[in-house]
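Open your viewer, keep the selection box handy, and follow along from stop to stop. We begin with the whole chain and then visit one place after another.

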Amino acid sequence: MLFASGGFQVKLYDVEPQQIANALESIRKELKLLEQAGSLKGSLGAQEQLALIRGCTDIREAVEGAMHIQECVPENLELKQKLFAQLDGLVDDSVVLSSSSSCLLPSKLFTGLAHVQQCLVAHPVNPPYYVPLVELVPHPETAPATVDRTHALMRQIGQSPVRMLREVDGFALNRLQYAVIAEAWRLVQEGVVSPEDLDLVMSDGLGMRYAFIGPLETMHLNAEGMLSYCDRYGEGMKRVLGTFGSIPEFSGVTVEKVHQAMCAKVPADPQHLAARRKWRDQCLMQLSKLKGQMPPQ
C-alpha cells in the first residue's frame, strides 16, 4: 500500500496463493476505508492505487524488472537466508534486496551473497501505514549508494527513514523498546505499580511527550539545554539507573498477573484483539494526521 501510494507498480509474492488473494482483498477494503476517511496517502485515488498492485505466484516473475525487493517472511533466520540465497541467483546488479527483519543482523542474513553490496535491512514499524519510521541497517559490505537509494525511496513514499551507522543486535527501536519493557516488567514484578497504571505512565505520560520529540530533545528542552540538564540531573539519573535489576524472565507469576490485567481490558480472543487493533490504528491515523498538520520543525 505504501509503495503504491507513491505511484509504484507492486507485485506481491507468496508460496501460498491464498495468502496473496487474502492480501489483495484486505488491501482493497483498507484503501477504500482510508479514502472515505480522508487518510489515503499519495495523490492517486484508492482504485488507481489498487490497480498498481497485483499478486504473483512465481518468484521469477515477481522479481522481474524490480528496482526494490522488500522481504516480509516470518522472523526466522534460516528461512530468510534461504530466500535471499534464492533471490541472489535471480536478480541483477540494479535491484536493492531489503529485509523487514526487526532484529536479525544483516551480517547473518546476507554474508556470502554475490549481491551483498545491494543488501540491507529496512525495518518498518507495525503498522507501517500509520507509523512511518524505517530503520536502515547496512551489512558491513553494503554499498553506501544502496543505503542512499533506499533512504530516498522511503522518503518518497512518505516514510521516515533513519540510518544505523553500523549493525547492532535489536537495532535502535527494539533496543529502546526492550529497555522500557524490561523496567516496566520489573516495576510490576516488584509490586511498585499495577499493570494497568504502568501502561498509563506511558500512554498518558511519556508516550504523549515522545509523540513529537525524542528523549534527547526532551532532555534539552527540560533545562537550559543539554549541558544544563546533565549538570542538573546527571547524578540522579546515575543513582536511579544503578537500582535497575537483572533481565526479567518474562514468565511465572508475573506473566500470569500481567496477562490477567491485560485480558480484563482486552480479552485475548481473536475478535477482541482485532477490534482493539482497529481502535489502535484509528488512533494512530488521527495522530498521523495531526503530525502532518503541525508546522515544520
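A word on names before you click: helices and strands here are DSSP runs, with at least four residues for a helix and at least two for a strand, and they are numbered from the N terminus. Keep in mind too that this is a predicted model.

**The whole chain**

Start with everything shown as a cartoon. You are looking at 13 helices and seven strands. The C-alpha trace spans about 60 × 45 × 45 Å along its principal axes. If you colour by burial, 34% of the 297 residues come up as buried. Switch on the surface next: the accessible area is about 18200 Å², and carbon and sulfur atoms account for 57% of that. Contacts reach far along the sequence as well: of those between residues at least 6 apart, 64% join residues at least 24 apart.

**Three domains**

Now give each domain its own colour: residues 1-57 for domain 1, 58-170 for domain 2 and 172-265 for domain 3. Where domain 2 meets domain 3, nine residues of domain 2 are in contact with four residues of domain 3. The C-alpha centres of these two domains lie 31 Å apart.

**A stop in helix 3**

Select residues 46-51, which form helix 3, and pick out glutamate 48 within it. Glutamate 48 counts as partly exposed, at 46% relative accessibility. For a distance to try in the viewer, go from its C-alpha to that of proline 140: the two residues are 92 apart in sequence and 39 Å apart in space.

**Into domain 2**

Move to glutamine 118, in the loop between helix 6 (106-109) and strand 5. Is glutamine 118 buried or exposed? Its relative accessibility is 11%, so it counts as buried, the limit being under 20%. Show what surrounds it: beyond its neighbours within four places in sequence, glutamine 118 is in contact with Asp92, Asp93, Ser94, Val95, Val96, Leu97 and Thr146. Serine 228, by contrast, is 44 Å away from glutamine 118, C-alpha to C-alpha, with their positions 110 residues apart in sequence.

Next, select proline 127, in the loop between strand 5 (119-124) and strand 6 (133-138). Zoom in on the backbone here, where the peptide bond from asparagine 126 to proline 127 is cis, with omega near -5°. Most peptide bonds are trans.

**Two phenylalanines with positive phi**

Select phenylalanine 171, in the loop between strand 7 (160-163) and helix 8. This residue has a positive phi of about 60°, although it is not a glycine. Phenylalanine 171 counts as buried, at 1% relative accessibility.

Then jump to phenylalanine 250, in the loop between helix 11 (226-241) and helix 12. Phi is positive here too, near 55°. Phenylalanine 250 counts as partly exposed, with a relative accessibility of 38%.

**Helix 12 and its partners**

Show helix 8 (residues 173-189) together with helix 12. Their axes come within 10 Å and cross at roughly 95°, so the two helices are roughly perpendicular to each other. To see the contact, display Trp185, Val188 and Gln189 of helix 8 with Thr254, Val255, Lys257 and Val258 of helix 12. By class, these residues divide into four nonpolar, two polar and one charged.

Keep helix 12 (residues 252-265) in view and add helix 9 (residues 195-210). How far apart are the axes of helix 9 and helix 12? They are 9 Å apart, and the helices pack at an angle of about 70°, which makes helix 9 roughly perpendicular to helix 12. Here the residues to display are Pro195, Glu196 and Asp199 from helix 9, and Lys257, Val258, Ala261 and Met262 from helix 12. This contact has four nonpolar, no polar and three charged residues.

**Last stop: proline 215**

Finish with proline 215, in helix 10 (residues 215-221). Proline 215 is partly exposed, with a relative accessible area of 41%. Draw a line from its C-alpha to that of leucine 105: these residues are 110 apart along the chain, and the C-alpha atoms are separated by 25 Å.

How values were computed. Residues numbered from 1 in each chain as written. Predicted model: local features only at pLDDT ≥ 70, side-chain atom pairs only at ≥ 80, totals over all residues. Heavy atoms only, no water. Axes fitted to C-alpha atoms, helices over the stretch in contact; angles between N-to-C directions. Parallel < 35°, antiparallel > 145°, perpendicular 65-115°, else oblique. Contact = heavy atoms within 4.5 Å. Nonpolar A, V, L, I, M, F, W, Y, C, P; charged D, E, K, R; others polar. Buried < 20%, exposed > 50% of the residue type's maximum accessible area, 1.4 Å probe, protein only. Areas by Shrake-Rupley, 256 points an atom, 1.4 Å probe, with all protein chains shown as cover. Domains from an automatic or database assignment.
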